[in-house]
Amino acid sequence: MRQKGLGLIIIALMLGMLLAALDQTIVSTALPTIVSDLGGLEQLSWVVTGYMLASTVSTPLWGKLGDQYGRKSLFLAAIVIFLVGSALCGLSQNMGQLIAFRSLQGLGGGGLMVLAQAIVGDVVPVRERGRYQGFFGGVFAVSSVIGPLLGGLFVDHLSWHWVFYINLPIGVIALIVIAAVLPGKSERTKHKIDYAGIVLLGGATSCLVLMTTWGGTTYPWSDPVIIGLIAAALLMVGLWALVEMKAKEPVLPLRLFKLRVFNMSSAVGFVVGFGMFGALTYLPLFMQVVYGVTATMSGLHLLPMMVGMLGMSIISGQLIAKTGRYRVFPIVGTAIATVGMYLLSTLTEHSSTLTMGIYLFILGSGLGLVMQVLVIVVQNAVGYEDLGVATSGATFFRSIGGSFGVAVLGSIFTSRLNDELTKVVATTPMPPGFDPSRVQADPTVIQTLPAVLKADFLHVYADAISSVFTVATPIVFVAFLLSWFIPEEKLRETIKAVDIGEGIGATSAERSSLAEVERGLVRLADADLRKDYYTRLGAMAGLDGVPPQSVWVVARLGGEGWVLANDLARRAEVTRAEGRPYVDQLVDRGLVRRSADGESLRLTAQGDQMAEQLLGHTRDGLKRLVADWGPSPELDELLDRISPELLGAQSDRPD
C-alpha cells in the first residue's frame, strides 16, 4: 500500500541526501577564499579530509543503529548534527575551529546518506522502489557536478560562510517534514554492533592521515609525534584484526582480504578516490590564485572533469549491464586517468583555460570508467553471505583514498610551496614593509604586487600545485598495473542493475546482503514489468486470447475479496466504461463474477487458481534472477514477500 504523504517524505529524504552529498565537493571552490580569511593554508586539506573521514567511518554505525532502534529517530538526529555542524562551520573564526566543525558536520552527513536510502525501502512500495532508487542515484550525480559551481556562486555573491549557512533552511524543511510525516514504526533488526572495530578502524585511519599530513612539513619524519602516530596506527590495526576475528558482525571481515579480487579492487578504488578528491581540492586554488579567476569561474572550469566522470560512469554501467563484461573498464580507465594526471602536472601559469579543460575532461573520463565498475567487481566475487559487507568495504576504501589523497597531496603542496617561497624571498627584493609570509596566509595579495614580483609568486604557486599532480601520476599508474590482476567472471544477474549513485558517491553504502540483492532485483523487475509483461505472463498461464488488460485485472484482484468496481477503475486510472470490456471477458471465461447489483467484483474459484498461477510464474521469473547466488532461505522469503507486491500495480497497467 502506498504510504500517505510519500511525495513529501521522498522530497525531504532527497534534500537531506543532497545536502550531505554536496558538502563533499561544495567547499572546493570556496577554499582559497576561506584561507585568505582564516589563514592556515597548510591546514587547507583538513577542511575536506575532516568531513570525509567522519562521514566514512560513521557510516556502518548509522546503518546498524537505524536497523536496531528505528530509522526515523536516527535520521532526525543526523539532520540535527549536520545542521549544528553547518552553523558552527559558518561561524568559525580560525581554521582549527572550521576543521573540528566540518568533522561534526561529516558525522551527521554520513547518517543522512545511509539512512535516507534505507528509509526508501521502508516507505516505498516494492513496485515503485526501482524508480525512486534512480532518483536518489540522480541526487549523487547532480551533487557531484554542481557542488563546485554552487560553492563558487555563494562565495562571489554572498560570502564563504553561506557555503555552510545554505544548509540551514533546507535542512530545517527536511527536519520538519520527516518529523511530521514519516511513520515512526519500522521493522527492527537486532545487531551485535562492532563498536570496537569501528572505533579502532577509524582511529587507525585518522592516525595515518595525520601522519601523512604532518610528516615532513609540520614535523620532521623522525619527530616523536610522527613516530607516535605510526606506532598508534599499527597498534590499532593489530587490535582491530583481533577484534574482527571475534566479532559476530565485523565491520570489515578479515576473510575478505583473502580474496584477490577484493584486495585489487579496494587498492584501485583507493587510488581513484585519491585522484578525484586530490584534484578537486587543489585545482580551484590553482585557478583562483594563478589564473586570477573568480570562485564561480573556477567551478565552471571544473565542469569538464565532472561531466567526463559522470558521463563515462553512466556509459560504462550501461555497457556492463548489456554485455556482462567489466574487466576492460578499470584497465582503460586507470590508463586514461594516468594520462590526465600527467597532463595536469604540465600546467603552468601560461597554460590556457581551454587546455586545462581538455586535461580535466581526460582525467574525469578515466575516473568515471573505473568508479562504477569497482563495486560491481567486488559484489560479483563474493558469496551471498558477504555481499553487504564487501560492498560497503569497497566503497569504504575509495572514500578513505579520498581522505588520504587530499592529505598527502596537501602535504606535498605545502612543502613545495614553502621551499619555493624561501628561494624567491632570498633572491628577489621585497617592497618596503611587505611581509612575504602574507603570500602563504592569503594568496590573493599576489595580485597587488609589482608585475615582476607577482610573476615570481604566481610561478611558485603554479609549480607547487603542478607538483601535486606530478606525484599523483605514478600513484594512479600503480592502479593501472593493479587493475590487470582483476579477473573477469560471469556477472550475476542482480549486479547488472547498476546504481549510478553508488558509483559517484563517496560515502560507503551500508546495507545487508539481503538488501543488496533486493535492490538489484527490484530494479531488474521494474525494467521487465514495463516490457509487455502481462502479455507474456498471460501466455505462460495459458490465457490464450485474453488481452493483457484482463490479465492485469486478475493479478489486481488476486488475494482480495469483493472489490468495488469504482475502486478498481480508480486504481487503474480509467473509467468504468473503459475497463468494462476487459472485465466482461473474464466474466465470460468464469474467472470473475459480479455482485447482484453489479457494483462489486471478485475472482471465482477458477479465477483464484489463475491468480495463483500468475503469482507463481512471477516468482519463478524472479527466482531465476537470484539463482546465481545459490540456495538461501533468506532469498526464498524475499521472493515470497515481493512477488505479490509487484503484480497489479497501476504503473504497469497495459494501455
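Me: A disulfide is taken here as a pair of cysteine sulfur atoms within 2.5 Å. How many disulfides does the structure hold?
Reply: The model is a predicted one. A disulfide is a covalent bond between the sulfur atoms of two cysteines. Applying the limit of 2.5 Å to pairs of cysteine sulfur atoms, the number of disulfides in the structure is zero.

Me: Is cysteine 207 buried or exposed?
Reply: Buried means under 20% relative accessible area. Cysteine 89 meets this condition with a relative accessible area of 0%. Cysteine 207 has a relative accessibility of 11%, so the term that applies to cysteine 207 is buried.

Me: What is the mean pLDDT of the chain?
Reply: Confidence varies along the chain, with its lowest mean, 53, in helix 19 (residues 500-504) and its highest, 90, in helix 14 (residues 328-345). A pLDDT of 70 or more is reached by 89% of the residues. For the chain, the mean pLDDT is 79.

Me: What percentage of the contacts between residues at least 6 apart in sequence joins residues at least 24 apart?
Reply: The chain has 655 residues, of which 57% are buried. Its secondary structure comprises 26 helices and three strands. Of the contacts between residues at least 6 apart in sequence, the share joining residues at least 24 apart is 80%.

Me: In what order do the three strands of the open sheet stand?
Reply: Strands of a sheet pair through backbone hydrogen bonds, either parallel or antiparallel. Strand 1 (563-564) and strand 2 (592-594) each have a single partner strand, so both stand at the edges, with one side lacking a neighbour in the sheet. Strand 3 (residues 600-603) pairs with strand 2 over three bridges, and with strand 1 over two. The pairing is antiparallel, and the order is 1-3-2.

Me: Which residue of strand 3 is the bridge partner of valine 563?
Reply: Strand 3 has bridges to strand 2, where valine 592 is partnered by leucine 603 and arginine 594 by leucine 601. Towards strand 1, the pairing of strand 3 is antiparallel as well. The bridge partner of valine 563 in strand 3 is leucine 601.

Me: Which residue in the turn of the hairpin has a positive phi?
Reply: Strand 2 and strand 3 run antiparallel and form a hairpin with five residues between them. In that turn, a positive phi of about 75° belongs to glycine 598.

Me: Is the aromatic pair of tryptophan 160 and phenylalanine 164 stacked or edge-to-face?
Reply: The structure contains ten aromatic pairs. The rings of tryptophan 160 and phenylalanine 164 lie 6.3 Å centre to centre, with 85° between their planes. Both residues are buried. Planes over 60 degrees apart place a pair in the class called edge-to-face, and this pair is edge-to-face.

Me: How does the pair of phenylalanine 270 and phenylalanine 274 count, by the angle between the planes?
Reply: Phenylalanine 270 and phenylalanine 274 are four residues apart in helix 11 (residues 260-291), which means that about one helical turn separates them. Phenylalanine 270 is partly exposed at 24% relative accessibility, whereas phenylalanine 274 is buried at 4%. Their ring centres are 6.5 Å apart and their planes at 40°, so the pair is tilted.

Me: Which residues form the cluster linked by ring pairs?
Reply: Rings pair if their centres lie within 6.5 Å. Ring pairs of this kind link a cluster whose members are Trp240, Phe257, Phe262 and Phe397.

Me: Which residue offers the backbone oxygen that the side chain of serine 316 reaches?
Reply: Serine 316 lies in helix 13 (residues 303-323) and is buried, at 0% relative accessibility. Beyond its neighbours within four places in sequence, serine 316 contacts Phe329, Gly368, Leu369 and Gln372. The backbone oxygen that its side chain reaches, at 3.0 Å, belongs to serine 313.

Me: How far apart in space are valine 476 and valine 272, C-alpha to C-alpha?
Reply: Valine 476 belongs to helix 18 (residues 451-483) and is buried at 5% relative accessibility. Not counting residues up to four places away in sequence, valine 476 touches Val271, Thr334, Ala337, Thr338 and Met341. Valine 476 and valine 272 are 204 residues apart in sequence, while their C-alpha to C-alpha distance is 7.5 Å.

Conventions:
Residues are numbered from 1 along each chain as its sequence is written. Side-chain values use heavy atoms; hydrogens and water are left out. Rings of Phe, Tyr and Trp (its six-membered ring) pair if their centres lie within 6.5 Å; planes under 30 degrees apart count as stacked, over 60 as edge-to-face and the rest as tilted. Buried means under 20% relative accessible area, exposed over 50%, partly exposed in between (1.4 Å probe, protein chains only). A polar contact is a pair of N or O atoms within 3.5 Å; within protein, one must be able to donate a hydrogen and the other to accept it, and residues adjacent in sequence count only if both atoms are side-chain atoms. Contact means heavy atoms within 4.5 Å. pLDDT is the predictor's confidence in each residue, from 0 to 100. Two strands pair if DSSP finds at least two bridges between them.
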